[in-house]
Amino acid sequence: MVTRVAFVLTLLACQSKGDEPHAQVPRDAKPLTPSLEDAGEAEADAQKSDEPEPPDPGQQIDELGAVPAWQAVVDRSQYLARRGLHGVVYGTLGEVVTVSVPDAGVQPTGYTWLVDDTEGNGALAIRVELGDKVTLVKAGDRVALGGAWVLDGDRKYVWKVDAMTALPPAPPRDSKIPPSPPTHEIAQLPLPPGSRTISVARDNDIVYFMVIGRPPAIDGEGWPIGDAQGTPVSALLNLPGERPSFGAQDFRTPDERWRLKRATVYWVRIGKVRRPNGPDKPAYINAVTAPVKMQ
């Protein structure tokens with residue numbers, strides 16, 4: 001009797017298991033055994049993880065403690081070799097510096113232009129002496145150069161290089177005006193179409209003007225400019241690279257300063273027009289390109 005009861009219970013248990021619903025497999029579930037396609041994706045992901053990420057130029061510059069090329073001119077007192085000081089500058093290498101020699105014409109020097117690619121549209125550049133590193137680079141390369149300022153026999157400041165780090169190219173320029181040569185000599189060109197007089201200037205305009213007051217006594221004070229002689233001062237204009245030096249120790253040489261004349265029409269592209277003192281007061285404006293004498 002006991003054996004028969006046990007048989008019946010076993011039979012009922014088997015029947016109840018057969019009535020249970022089947023487990024539902026999610027539609028997006030992946031099989032336990034990877035397919036060839038999944039294996040290929042995994043291999044590609046592994047290869048990507050092994051590829052080195054491109055260097056971040058901003059991080060490189062920060063780690064080197066580098067400053068833009070022209071900032072080393074503005075704060076030259078902090079990088080003088082004769083004081084045992086040292087620094088790192090960065091920019092884009094230009095052409096070989098040349099000089100006019102009487103009875104011999106234009107001659108190359110032992111220096112190369114390092115153009116500040118953060119401001120000035122090409123006009124702000126420093127002379128660098130690359131030494132034995134000159135064969136390692138070419139014009140157009142962006143580099144950070146360790147070194148210090150020295151005076152050469154012509155009383156020109158030169159950045160004497162003792163270390164060099166390659167950098168990725170500078171961001172593309174957004175100005176439609178061709179880059180200026182690396183010099184503070186003022187070119188003479190026609191006025192571009194769409195230019196405005198300074199009195200009605202708006203952000204990012206090309207403007208033309210005359211200097212109608214005294215030149216700034218200190219870089220950064222701004223040139224007083226207006227539409228013409230006898231008109232009110234419309235703005236105080238800072239040209240590329242014009243700003244005060246650290247601690248008021250200014251070691252800029254005459255060829256590193258802009259020289260504008262009165263009763264002469266110039267034009268530049270400007271940045272923002274700021275009027276902190278009200279709409280009827282002179283605006284404060286920074287030029288983003290070199291000044292050009294109107295032809």
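On a 1 Å grid over the protein atoms alone, a pocket is an open set of points with protein on both sides within 12 Å along at least five of seven lines, a cavity is a set of points where a 1.4 Å probe fits but cannot get out, and lining residues have an atom within 4 Å of a point. Grid points are joined across faces, edges and corners, and a volume is the space filled by probe spheres set on the points.

The model on screen is predicted: local features need pLDDT of at least 70, side-chain atom pairs count only at pLDDT 80 or more, and totals for chains, interfaces and linings use all residues. Residues are numbered from 1 along each chain as its sequence is written, and side-chain values use heavy atoms, with hydrogens and water left out.

**Stop 1: the second largest pocket**

Select Val97, Trp113, Arg127, Lys156 and Asp255, which lie nearest the centre of the second largest pocket, among 26 lining residues. Strands E2, E3 and E4 (125-129) each give two or more residues to this lining; strands and helices here are DSSP runs, numbered from the N terminus, of at least two residues for a strand (E) and at least four for a helix (H or I). The largest share, four residues, comes from E2. The volume of the second largest pocket is about 600 Å³. Its lining divides into 13 nonpolar, four polar and nine charged residues, where Ala, Val, Leu, Ile, Met, Phe, Trp, Tyr, Cys and Pro count as nonpolar, Asp, Glu, Lys and Arg as charged, and the others, Gly among them, as polar.

**Stop 2: the largest pocket**

Next select Thr118, Glu119, Gly120, Asn121 and Gly122, the residues nearest the centre of the largest pocket, whose lining has 38 residues. The volume of this pocket is about 840 Å³. At least two lining residues come from each of E2 (87-101), E3, E12 (266-274) and E13 (283-287), and E2 supplies the largest share, four residues. By class, the lining of the largest pocket has 14 nonpolar, 15 polar and nine charged residues.

Remain at asparagine 121, in the loop between E3 and E4. Its phi is near 55°, a positive value in a residue other than glycine. Most residues other than glycine have a negative phi. Is asparagine 121 buried or exposed? Asparagine 121 is buried, because its relative accessible area is 10%; buried means under 20%, exposed over 50% and partly exposed in between, with a 1.4 Å probe and protein chains only.

For a second positive phi, near 65°, move to arginine 155, in the loop between E5 (142-151) and E6 (157-167). Arginine 155 counts as exposed because its relative accessibility is 60%.

**Stop 3: glycine 110**

Glycine 110 is found in strand E3 (residues 105-115) and is exposed, since its relative accessible area is 61%. Draw a distance from its C-alpha atom to that of valine 128: the two are separated by 8.7 Å, although 18 residues apart along the chain.

**Stop 4: an aromatic cluster**

Select Tyr79, Trp149, Tyr157 and Trp159, which form one aromatic cluster. Rings of Phe, Tyr and Trp (its six-membered ring) pair if their centres lie within 6.5 Å; planes under 30 degrees apart count as stacked, over 60 as edge-to-face and the rest as tilted. The count of aromatic pairs comes to four. Tryptophan 149 and tyrosine 157 form an edge-to-face pair, 6.2 Å centre to centre with 80° between the planes, and both residues are buried.

**Stop 5: strand E10 and its neighbours**

Now select E10 (residues 223-226), where Trp223 and Ile225 on one side and Pro224 and Gly226 on the other are all buried. E10 pairs with E9 (residues 206-211) in the antiparallel sense over two bridges, pairing being defined by at least two DSSP bridges between strands. Methionine 210 has glycine 226 as its bridge partner in E10. Three bridges join E10 to the antiparallel E11 (residues 235-238), and tryptophan 223 stands opposite leucine 237 there.

**Stop 6: the cavity**

Finish with Trp70, His184, Asp219, Pro240, Gly241, Glu242, Arg252, Glu256, Arg257 and Trp258, which line the largest cavity. How many cavities of 30 Å³ or more does a search of the whole structure find? The search finds one, and the largest cavity has a volume of about 30 Å³. Its lining divides into three nonpolar, two polar and five charged residues.
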